[in-house]
Amino acid sequence: MAFKKNRMKIKKICCIGAGYVGGPTMAVIALKCPEIKVTVVDIDKEKINSWNSEDLNELPVFEPGLSEVVEKTRNKNLFFSTNIKDSINEAEMIFMAVNTPTKTKGKGRGYAANLTFVENCAKEIAEFSKSDKIIVEKSTLPVRTAEKINNILKKNNKKVNFEVISNPEFLAEGTAITDLFKSDRVLIGADNTETGKVAADKLIEIYKRWIPNDKIIKTNVWSSELSKLVSNAMLAQRISSINSISALCEKTEANIDEVSKAVGLDSRIGPNFLKSSVGFGGSCFKKDILNLVYLARQYKLEEVAKFWESVVKINDYQTYRFGQKIIYLYKDHKNKTVTILGWSFKKDTNDSRESASISLANQLLEKKFNIRVYDPMVSNSRIIQDITNKLKSSKKTTKQIKRFISRLTICDNIDSALNNSNLAAVCTEWDEFKSVDWNKIFINMKNNPWVFDGRNIIDRDKLKNIGFKTFFIGQP
Ligand code: NAD
Ligand code: UGA
């Protein structure tokens with residue numbers, strides 16, 4: 001058995017899932033380990049074609065610094081492929097970086113993680129493996145998923161030894177490459193058995209190339225799986241905490257940015273993740289907290305579940321009340337247009353999953369607003385798809401969806417997006433929005449234009465001097 005004698009040498013890695021995690025993490029591993037062949041596979045042929053596109057602007061994931069890493073490694077020791085079978089079979093180490101969205105059907109729907117993609121991965125690995133493999137959980141998973149993966153592997157392949165370890169990913173989108181180069185920590189959860197230790201050591205050998213030893217942490221598998229969920233929950237909790245206070249600031253003439261600074265200067269609290277906003281988005285915070293809520297309920301810890309559920313509730317409330325303020329302003333108007341600036345859930349990414357802009361657009365379309373959207377990175381088709389999905393989830397008919405979408409215009413620059421609009425709603429903190437010529441925009445917008453800054457990034461005094469009416473989150 002390759003594990004026991006520690007004979008296994010990692011020469012080939014396979015990563016299943018070529019998304020926001022699989023693509024960037026494997027590109028960095030390939031860069032740091034030039035002698036290891038890294039193959040990233042996916043069932044999505046189009047995505048793999050984009051990863052292989054000669055034009056590096058066509059990569060399916062936009063991340064600062066990513067195209068440079070891909071340029072250096074692709075087709076040298078980094079490969080993107082749909083040949084899942086051979087890639088699994090030839091690799092000694094297999095990462096699972098598939099999506100784990102919230103379940104929409106069946107037991108736990110609306111809360112629990114849908115593990116179908118992970119289970120399918122395990123089945124594929126069992127089916128195609130002819131030699132011993134180290135399986136690395138990269139996806140974010142509920143605590144004790146490794147047990148399920150192990151059972152699937154063992155049931156479907158009795159000839160090969162598998163060792164499942166956990167290595168959750170902590171990168172944030174928009175800074176993925178710098179995060180991967182300089183991780184705060186690399187967490188590896190493995191069984192305290194001979195084979196578990198060998199598997200963990202093999203992964204440590206890889207990270208050791210660029211991550212200092214004291215930042216590589218070893219735990220048991222369950223602690224590792226749970227730490228990932230808790231890290232995201234704690235980060236999101238800070239945002240909801242500060243966002244809840246932003247509502248109080250608006251009533252009391254306190255200023256949330258001042259409060260946040262004062263509170264964050266306490267070294268026990270720290271300044272990060274205290275920036276009030278229109279609400280956090282992204283594919284993970286909400287789904288991971290809901291997953292945590294589900295787990296707590298499964299273990300009959302109702303008070304724990306309620307505590308974490310409130311983080312999501314405050315987030316929904318924050319976006320909703322931003323929209324309601326706009327709706328109230330124009331309650332007596334017939335022809336009203338709002339421009340949403342920014343569709344991605346944060347700057348420097350083309351990812352719009354769970355972005356506050358989607359909920360805001362939906363809320364305003366319901367109230368008969370015309371919506372214009374500008375985002376420097378998110379594609380038009382993505383924007384249409386996002387809003388269509390949102391409308392579908394609120395049970396709108398095809399006819400209604402068509403009618404709603406006819407009131408949505410996607411623009412390719414800020415000027416045209418704001419032309420003849422009543423109100424600019426800044427939803428993403430793109431740098432570009434800070435340097436806009438608001439004087440010029442003022443002239444092109446309708447009379448008495450408003451700027452609603454959901455990120456508090458624009459110079460408010462400057463806007464006021466030009467003649468704009470303004471609303472800033474958590475400010476008097
Ligand atoms: P993603 O949707 O961008 O990518 C997942 C990919 O897996 C998709 O391209 C999908 O086609 C592919 N896939 C699914 N089943 C497959 C199968 N059986 N065989 C081959 N390919 C398959 O998702 P993501 O954002 O990369 O997230 C992946 C996981 O990492 C999730 O669990 C997420 O919670 C976690 N995570 C994400 C981030 C992030 O910033 N996005 C950060 C840390 C952790
Ligand atoms: C988050 C975590 O930061 C990563 O560590 C984790 O790996 C990842 O989730 C994941 O598991 O997917 P990400 O969602 O990519 O990363 O981006 P963040 O920087 O965390 O921002 C999330 C959302 O919170 C964004 O909408 C952002 O604008 C918002 N935010 C962030 C605030 O509103 N205020 C803040 O102070 C910080």
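The following paragraphs describe two ligand sites, the nonpolar cores and selected residues of a predicted model.

Local features are reported only where pLDDT is at least 70, side-chain atom pairs only at pLDDT 80 or more, and totals for chains, interfaces and linings use all residues. Residues are numbered from 1 along each chain as its sequence is written, chains are lettered from A and ligands numbered from 1 in the order in which they are written, and side-chain values use heavy atoms, with hydrogens and water left out.

Ligand 1 is surrounded by 26 residues, of which Asp42, Lys47, Thr100, Glu173 and Lys287 come nearest; a residue is counted here if one of its heavy atoms lies within 4 Å of the molecule. Polar contacts are pairs of N or O atoms within 3.5 Å, and within protein one atom must be able to donate a hydrogen and the other to accept it, while residues adjacent in sequence count only if both atoms are side-chain atoms. An oxygen atom of ligand 1 lies 2.6 Å from an N or O atom in the side chain of Lys287, an oxygen atom of the ligand is 2.9 Å from a polar backbone atom of Val21, and a nitrogen atom of the ligand is 3.2 Å from a polar side-chain atom of Glu124. Taken alone, ligand 1 exposes 830 Å², and the protein buries 93% of that (areas from the Shrake-Rupley method with a 1.4 Å probe; for residues, only the protein chains shown count as cover). The shell around ligand 1 divides into 10 nonpolar, 7 polar and 9 charged residues, where Ala, Val, Leu, Ile, Met, Phe, Trp, Tyr, Cys and Pro count as nonpolar, Asp, Glu, Lys and Arg as charged, and the others, Gly among them, as polar.

Around ligand 2 there are 20 residues, the closest being Leu171, Ser277, Cys284, Phe345 and Arg455. Oxygen atoms of ligand 2 lie 2.8 Å from an N or O atom in the side chain of Lys228 and 2.8 Å from an N or O atom in the side chain of Asn232, whereas a nitrogen atom of the ligand is 2.8 Å from a backbone N or O atom of Lys275. On its own ligand 2 has 700 Å² of accessible area, of which the protein covers 89%. Its shell comprises 11 nonpolar, 3 polar and 6 charged residues, and helix α9 (residues 221-252) gives the most to it, with 4 residues; helices (H or I, at least four residues) and strands (E, at least two) are DSSP runs numbered from the N terminus.

The largest nonpolar core has 46 residues, with Ile13, Met26, Ile29, Met93, Phe95, Ile188 and Ile206 making the most contacts inside it; such a core is a set of buried Ala, Val, Leu, Ile, Met, Phe, Trp, Tyr and Cys residues joined through side-chain atoms within 4.5 Å. Helix α8 (residues 194-207) gives the most to this core, with 6 residues. Helix α1 (residues 22-32) is largely enclosed by the rest of the structure, because 9 of its 11 residues are buried, among them Met26 and Ile29 (buried means under 20% relative accessible area, exposed over 50%, partly exposed in between, with a 1.4 Å probe and protein chains only).

Ser81, in strand β3 (residues 78-81), counts as buried at 17% relative accessibility, and a polar atom of its side chain lies 2.8 Å from the backbone nitrogen of Asn83. Lys158, by contrast, is found in the loop between α6 (145-156) and β6 (162-166) and is exposed, with a relative accessible area of 72%.
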